[in-house]
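Student: Could you take me through one part of this structure closely, the core and the loops and helices that go with it? I would like a connected account that I can follow with the model open.

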Amino acid sequence: ACADQVRIIEVGPRDGLQNEKTSIPVETKIELINRLARTGLNTIEAGSFVHPKWVPQMAASDQVLSSILKSPPSSQLPITYQWLLPNSKGLENYFKVMNTSPSAPDGYPTPPPSPKMDDGPALNTSSQDPNAMPATTSGVDSMSTSRTEGGQRHEVSIFMAATESFSKKNTNCSIQESLDRFRPLMAESRKQNYPVRAYISVALGCPFEGAVDPHKVAEIATDLMEMGADEVSVADTTGMGTAPATRKLLQTLKEAGIRNEDIAMHFHDTFGQALINTMVSLDHGIRAFDSAVGGLGGCPYSPGATGNVATEDLVYSLHTLGADTGVDLDEVSRIGDWITGQIGKSNSSSAGKATLAR
Ligand code: HMG
Ligand code: MG
């Protein structure tokens, strides 16, 4: 049996917005985060500390972070905010904001460990089981400790790629150089009580190199976990993943000793396979998934990449499987409609649109 709870990591404010060409006002980004924080979603990737020339849209992430620290969204749950960064310079810029915030003085106490997931009945992905126990995600945090501030938790996300070409395009360095950068970065983050999640991009296919050897992904995941990552987010950057390839990758990760509870899956929906791959992952025992409200998203250095799986679609599917995600589908649907309208895009979430039309 596997744990029955499913964590959703909302990456809309970061992955969802980073690829937009017209500048989105910082107030809109903050409003997006504030609204998402009131839906029952308890983990939000809110911005990134990357080079502003590489990703101009994320340049105001320091203002977004300051705002969250100063006037936290009113939420009944403690919200975990994740901040994406590629190197020590990014960490330094991030710490600058954290440490100059009046509400985040030096000398934090070490927070108590977060509760671990309870074991429970497995989700039934193969048939409708009216007796299936609802699962719940509220308050779940698989990371060991978090830097906490006024009910908020703050975590660091780092990212690298499973192929040399993608690594070079996205972060201007080789796979080995990424790992070398992360070792001190990870040590520093952990020293200061920030848990670290680590993305592995193009894990199910690369726009430059095609098919990717799952053993390469497993090797990188092993290095990252040994270095101290709290979670690896295994990313299908361009939605090339298929059900058999997802199954094979997860099997390979398992054989390499990577535990399901240390994995999140990050599906982009370019070929419309994200939910199918999610089902395969659920069957395998994965219980953490990244998604973006409105189906927004895409990596600027990945030609043809489109949005992440829409949060609305993911939540809807999980509910049909008997999971109580703790997420208010109606409200997330309204937010998806609002934010896509704000940035002049069509809402690409089927479940979101159908929910609003009910
Ligand atoms: P580089 O040009 O090789 O950097 O870029 P460098 O180390 O040679 O430094 C050059 C200058 O940049 C220096 O300044 C540094 O201080 C500065 P100078 O001395 O010339 O004045 N610099 C920085 N400034 C601000 N923030 C930083 C930073 N680092 C150096 N963090 C770099 C290398 C990694 C910085 C660049 O390639 C970069 O920023 N890449 C980010 C690309 C990106 O954000 N992509 C999208 C996010 S990843 C994604 O979407 C995938 C994901 O969703 C999963 C999936 O779906 O696959 C996570
Ligand atoms: Mg992504």
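Tutor: Here is a walk from the whole chain to the core, then to some loops and two helix pairs.

A word on the model and its labels comes first. This is a predicted model, in which local features need pLDDT of at least 70 and side-chain atom pairs count only at pLDDT 80 or more, while totals for chains, interfaces and linings use all residues. Residues are numbered from 1 along each chain as its sequence is written, and chains are lettered from A and ligands numbered from 1 in the order in which they are written.

The protein chain has 12 helices and 11 strands; these are DSSP runs numbered from the N terminus, with helices being H or I of at least four residues and strands being E of at least two. Of its 358 residues, 52% are buried. Here a residue is buried if 20 or more other C-beta atoms lie within 10 Å of its own, exposed if 12 or fewer do, and partly exposed in between, with C-beta atoms placed from the backbone. Contacts are counted when two residues have C-beta atoms, placed from the backbone, within 7 Å. Among contacts between residues at least 6 apart in sequence, 79% join residues at least 24 apart.

Now to the core. In soluble globular proteins, nonpolar side chains tend to be buried together. The largest nonpolar core in this model has 89 residues, and Ile 200, Ala 203 and Val 217 have the most contacts inside it. Such a core is a set of buried Ala, Val, Leu, Ile, Met, Phe, Trp, Tyr and Cys residues joined through C-beta atoms within 7 Å. Leaving aside neighbours within four places in sequence, Val 217 is in contact with Ala 162, Ile 200, Ala 203, Val 212, Val 234 and Leu 249.

Val 202 lies in the loop between β7 and α7 (214-227). Although Val 202 is not a glycine, it has a positive phi of about 50 degrees. Val 202 is buried because 28 other C-beta atoms lie within 10 Å.

Asn 193 also has a positive phi without being a glycine, of about 70 degrees. Its place is the loop between α6 (175-191) and β7 (196-201). Asn 193 has 18 C-beta neighbours inside 10 Å, so it counts as partly exposed. Glu 155 is 38 residues away from Asn 193 in sequence, and their C-alpha atoms are 8.7 Å apart.

Next, helices α8 and α9. Helix α8 (residues 243-255) packs against helix α9 (residues 274-284) at an angle of about 30 degrees, with the axes 9 Å apart. That makes α8 roughly parallel to α9, since angles under 35 degrees count as roughly parallel, over 145 as roughly antiparallel, 65 to 115 as roughly perpendicular and the rest as oblique. Axes are lines fitted to C-alpha atoms, for helices over the stretch in contact, and angles run from 0 to 180 degrees between N-to-C directions. Ala 243, Thr 246, Arg 247 and Leu 250 of α8 meet Ile 276, Asn 277, Val 280, Ser 281 and His 284 of α9. By class, this contact has 4 nonpolar, 4 polar and 1 charged residues; Ala, Val, Leu, Ile, Met, Phe, Trp, Tyr, Cys and Pro count as nonpolar, Asp, Glu, Lys and Arg as charged, and the others, Gly among them, as polar.

Two loops adjoin these elements. Asp 262 sits in the loop between α8 and β9, and with 19 C-beta neighbours inside 10 Å it counts as partly exposed. Beyond neighbours within four places in sequence, Asp 262 is in contact with Met 225, Glu 231 and Val 232. Thr 270 is in the loop between β9 (263-267) and α9, and is buried, with 22 other C-beta atoms within 10 Å. Setting aside neighbours within four places in sequence, Thr 270 is in contact with Thr 238, Gly 239, Gly 304, Ala 305 and Thr 306.

Finally, helix α2 (residues 26-36) and helix α3 (residues 61-70) cross at roughly 45 degrees, and their axes come within 10 Å. That makes α2 oblique to α3. In this pair, Val 26, Lys 29, Ile 30 and Ile 33 of α2 meet Gln 63, Val 64, Ser 67 and Ile 68 of α3. The residues of that contact divide into 5 nonpolar, 2 polar and 1 charged.
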